[in-house]
Amino acid sequence: MTKLVLVRHGQSEWNLENRFTGWVDVDLSQRGISEAREAGAALRDQGFRFDITMTSYLKRSIRTLWLILETIDQMYLPVQTDWRLNERHYGKLQGLNKHETVAKHGEAQVLEWRRGFSTRPPALCPDDPDRPLNDPRYRGLDDLPDTESLADTLVRVTHWWEDVLVPLLKQQRRVLVVAHGNSLRAFVKYLEDLSEEEIVHCNIPTGIPLVYDLDAQLRPLGREYLADAEQLSSAITEVQQQSAARPNKTP
């Protein structure tokens, strides 16, 4: 049996501000830093050891990984960065406040952009300076997106799985992956063979390790979050509320 550990990065500054982030390279909030250290403590307390780690090209994910490795005292481990683990690209929505976007475009449209499996938000314009093609970290890479659906994200994450992760897992390497809400949702859909309807309702909380047990064919035998029931329920509820098109109103 092989174990695979996935962690969504800690809360980012734009998670805190309820803005569409995508490929914009924002950092962790103070709470996100604490969440990353708590994820490391959970792994340390369970005795996890790793051979290799993987993350995206975005600093909120990279910094989360660094803080985890510091906490588990395994900072010597090799780190493989891969753009295919980046968050879903939200196109022209990036940087916009989610509730203000609802007010402008309507709840139904924004829900379709956010949670629809195959719907892409409006793309960045060809002359937009924020296009990935203008970012030096992506120099030499082809077919970079200017917007993505979750289905698009699934394609690139699946290629990463086949090209990079499968060979390592078949060698019984112990792997830690730190990535993003939508790249991990796409991966979970593929790994668990979830339907398009099921993945719409899948919410991955920030900073809580998700551990998979895989069989010899790398099919999931089971999974668990390293958190108590109350903590996990609270974290998932918060993600669900962030996914709602309208803010919760308090009396």
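S56 is placed in the loop between β2 (52–55) and α3 (59–71), and in this predicted model the residue counts as buried because its relative accessibility is 0%, where buried means under 20% relative accessible area. The side chain of S56 reaches in two directions: a polar contact of 2.8 Å joins it to the side chain of H180, and the backbone nitrogen of L58 is reached at 3.1 Å. When neighbours within four places in sequence are left aside, the residues in contact with S56 are S61, I62, T81, D82, L85, N86, V178 and H180, so that H180 appears both in this list and as a polar partner of the S56 side chain.

A second loop residue with a side chain that reaches backbone atoms is N97, which lies between β3 (79–81) and α4 (98–105). The side chain of N97 reaches the backbone nitrogen of H99 at 2.9 Å, while a polar atom of that side chain lies 3.5 Å from the backbone oxygen of E17. Apart from neighbours within four places in sequence, N97 is in contact with E17, N18 and R19.

The helix α2 (30–45) can be checked for its length. Its 16 residues should span 22 Å at 1.5 Å a residue, and because the C-alpha atoms at its ends are 23 Å apart, the two values agree. The buried residues in α2 are G32, I33, E35, A36, A39, G40, A41, A42 and L43, and what covers them includes β1 (2–8), α3 and β4 (175–179). After α2 comes G47, a residue with a positive phi near 75°.

Helix α2 also takes part in the largest pocket, since α2 and α9 (229–243) are the elements that give two or more residues to the lining of that pocket. Of the lining residues of the largest pocket, those nearest its centre are E35, T206, I208, Q231 and A235; E35 is also one of the buried residues of α2. In the second largest pocket, the lining residues nearest the centre are W23, V24, D25, D130 and D135. The two pockets are set out below.

| Pocket | Volume | Lining residues | Classes in the lining |
|---|---|---|---|
| Largest pocket | about 300 Å³ | 21 residues | nine nonpolar, eight polar, four charged |
| Second largest pocket | about 190 Å³ | 14 residues | six nonpolar, three polar, five charged |

Two further loop residues deserve a look for their backbone angles. Most residues other than glycine have a negative phi. Q172, in the loop between α6 (150–170) and β4, has a positive phi near 65° although it is not a glycine. L218, found in the loop between β5 (210–214) and β6 (220–225), likewise is a residue other than glycine with a positive phi, near 65°.

Is each of these residues buried or exposed? Q172 is exposed because its relative accessible area is 51%, and exposed means over 50%, whereas L218 counts as buried because its relative accessibility is 7%.

How values were computed: Residues numbered from 1 in each chain as written. Predicted model: local features only at pLDDT ≥ 70, side-chain atom pairs only at ≥ 80, totals over all residues. Heavy atoms only, no water. Helix = DSSP H or I, 4+ residues; strand = E, 2+ residues; numbered from the N terminus. Polar contact = N/O pair within 3.5 Å; in protein donor to acceptor, adjacent residues only side chain to side chain. Contact = heavy atoms within 4.5 Å. 1 Å grid on protein atoms, 1.4 Å probe; cavity = no way out; pocket = protein on both sides within 12 Å on 5 of 7 lines; lining within 4 Å. Points joined across faces, edges and corners; volume = space filled by probe spheres on them. Nonpolar A, V, L, I, M, F, W, Y, C, P; charged D, E, K, R; others polar. Buried < 20%, exposed > 50% of the residue type's maximum accessible area, 1.4 Å probe, protein only. Expected span 1.5 Å × (residues − 1).
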